[in-house]
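User: I am new to this structure and would like to go through it step by step. Please keep the answers short and plain.

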Amino acid sequence: MDPVEEAKKLAAFAAVDRHVSKEHRVIGIGSGSTVPFVVDRIREQGEAVNRGRVFVPTGFQSQQLIVQAGLTLGDASQYPKIDVTIDGADEVDAQLNAIKGGGACQLREKVLAEAADTWIMVADYRKNSETLGESWKQGIPIEVAPFAYVAVLHRLAQLGSPTTAEQSTAVGAHGQVLTLRMGKAKAGPVVSDNGNFIIDAPFPREMMQRPAELLTKIKLLTGVVEVGLFCGMAKAAYFGNADGSVSVRQTDGSVQKVQ
Ligand SMILES: O=C[C@H](O)[C@H](O)[C@H](O)COP(=O)(O)O
C-alpha cells in the first residue's frame, strides 16, 4: 500500500479502536479519503455489534460508504445527539483547530461534530501542523448562498480591505486571492450537497494564528452558510505517520505516540 494510504489506515484504525465502543449506538461518519478506513474498521467490529447501531453521514460520500458496508443509515434530523463522530481534516494545528471543507462538506460535518459527545479527527502526517495555512494553501473553504457569492467575495476581501473584486475572484489587502471553487469535470462552480457554492479564502499567517477570531468574523458575513474552520471542537486528532506509528494530539497540546 502507498505510504500515505497506509498512514491514513493506521490513524483511522487507532481512532476507531479507542473511541468507538460496543455501547455506542449512534455514530457520525465524516468525509474524505481517511474515512473509508474508519468504516472498514467499524465493520470489522462485527455484525452483531453493528446490527443495533445507526450511522449518520456528513454527505453523499459517507452515505455511500455506510450503505455499501451494509450498515444502517440515519439522518441528522432523526439523531440530534450522536455518541461519537470520526471525521477527516485538511489541516490541524497544535491546539486541534482544523481547516475542513476540501470536499465541500463542512456544513454537515460541523452539525455532526456539534451533535457528538466525542468528535475525533483522523488524517495522515501531512495534515499535522503548528499553524493553520502552513500546508493547506488554497484557503479556508466557505460555503455561501449562491445568490450572495459576489457580495461575500467583496466582504471577505474587505476583512483586509480589497484592491480589486471581480465576479469569481477577489484580491484582499494582503494580496490573497479569494476564489469561487470551480468544478473539475463540470462547467461552472462546485455545488455542495446543500446546493450552495464554495469560496476558498486564504488569509495571512497572523490571522490564521487566531482561527477562532477569524471564524467569528467570517461567519457574521451575510450570505455565509458555514466556515471550514473548526475551533475547540475535537477531543483528539489521530495522525498516521510514515514510520508506521500514530501520533495522537490531545486538546491540552500533548502528543502521544501509539503502535
Ligand atoms: O469537505 C471535506 C472534508 O472536510 C474532509 O474531511 C477533508 O477535506 C479531508 O479530506 P481528505 O482526507 O480527502 O483530504
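User: How do the residues of the lining of the largest pocket divide into nonpolar, polar and charged?

Analyst: This is a predicted model, and the values below are computed from it. The largest pocket is lined by 22 residues. Sorted by class, that lining has six nonpolar, 11 polar and five charged residues.

User: Which residues lie nearest the centre of the largest pocket?

Analyst: The largest pocket has a volume of about 330 Å³. Of the 22 residues in its lining, those nearest the centre are Ser31, Gly32, Gly102, Gly103 and Cys105.

User: Which domains give at least three residues each to the lining of the largest pocket?

Analyst: The domain assignment divides the chain into domain 1, with residues 3–130 and 232–258, and domain 2, with residues 140–228. Each of the two supplies at least three residues to this lining. The contributors asked for are domain 1 and domain 2.

User: How far apart are the C-alpha centres of the two domains, domain 1 and domain 2?

Analyst: Domain 1 is made of two stretches, 3–130 and 232–258, while domain 2 is the stretch 140–228. The distance between their C-alpha centres is 26 Å.

User: And how many residues does the contact take from domain 1 and from domain 2?

Analyst: Contact here means heavy atoms within 4.5 Å. Domain 2 gives 16 residues to the contact, and the number from domain 1 is 15.

User: Turning to the second largest pocket, which element gives the largest share of its lining?

Analyst: About 170 Å³ of space lies in the second largest pocket. Its lining has 13 residues, and those closest to the centre are Pro57, Gly59, Gln63, Asp75 and Arg108. Strand S2 (54–57), helix H4 (60–68) and helix H5 (106–115) each give two or more residues to this lining. The largest share is three residues, and the element that gives them is H5.

User: How many residues of the lining of the second largest pocket are nonpolar?

Analyst: The lining of this pocket holds 13 residues. Three of them are polar and three are charged, and the nonpolar count is seven.

User: What is the strand order of the open sheet with seven strands?

Analyst: The pairing in this sheet is mixed. Its edge strands, each paired on one side only, are S2 and strand S16 (255–258). From one strand to the next the twist averages 20 degrees. The order is S2-S1-S3-S6-S14-S15-S16.

User: In S14, which residue is the bridge partner of methionine 121?

Analyst: Strand S6 covers residues 116–124 and strand S14 covers residues 236–240. The two run parallel and are joined by five bridges. For methionine 121, the partner in S14 is alanine 237.

User: Which strands does helix H2 touch where it packs on the sheet?

Analyst: H2 spans residues 35–44, and its direction makes about 155 degrees with that of S1. The strands it touches are S1 (26–29), S2, S3 (82–87) and S6.

User: At what angle does H4 run to S2?

Analyst: H4, which also gives residues to the lining of the second largest pocket, lies across S1 and S2. Relative to S2, the angle of H4 is about 155 degrees.

User: What is the order of the open sheet with three strands?

Analyst: The pairing in this sheet is antiparallel. Strand S4 (91–92) and strand S13 (229–230) are its edges, each pairing on one side only. S4 is joined by two bridges to strand S5 (residues 98–99), and in S5 the partner of valine 92 is alanine 98. The order is S4-S5-S13.

User: Which residues line the largest cavity?

Analyst: A search of the whole structure finds two cavities of 30 Å³ or more, and the largest has a volume of about 50 Å³. Helix H8 (residues 211–219) gives the largest share of its lining, three residues. By class there are two nonpolar, no polar and three charged residues. The lining is made up of Met207, Arg210, Glu213, Leu214 and Lys217.

User: How many charged residues are in the lining of the second largest cavity?

Analyst: The second largest cavity holds about 30 Å³ of space. Its lining consists of Thr58, Ala104, Cys105, Gln106, Leu107, Arg108, Asp193 and Asn194. Three of these are nonpolar and three are polar, and the charged count is two.

Methods: Residues numbered from 1 in each chain as written. Predicted model: local features only at pLDDT ≥ 70, side-chain atom pairs only at ≥ 80, totals over all residues. Heavy atoms only, no water. 1 Å grid on protein atoms, 1.4 Å probe; cavity = no way out; pocket = protein on both sides within 12 Å on 5 of 7 lines; lining within 4 Å. Points joined across faces, edges and corners; volume = space filled by probe spheres on them. Nonpolar A, V, L, I, M, F, W, Y, C, P; charged D, E, K, R; others polar. Domains from an automatic or database assignment. Helix = DSSP H or I, 4+ residues; strand = E, 2+ residues; numbered from the N terminus. Pairing = 2+ DSSP bridges. Axes fitted to C-alpha atoms, helices over the stretch in contact; angles between N-to-C directions.
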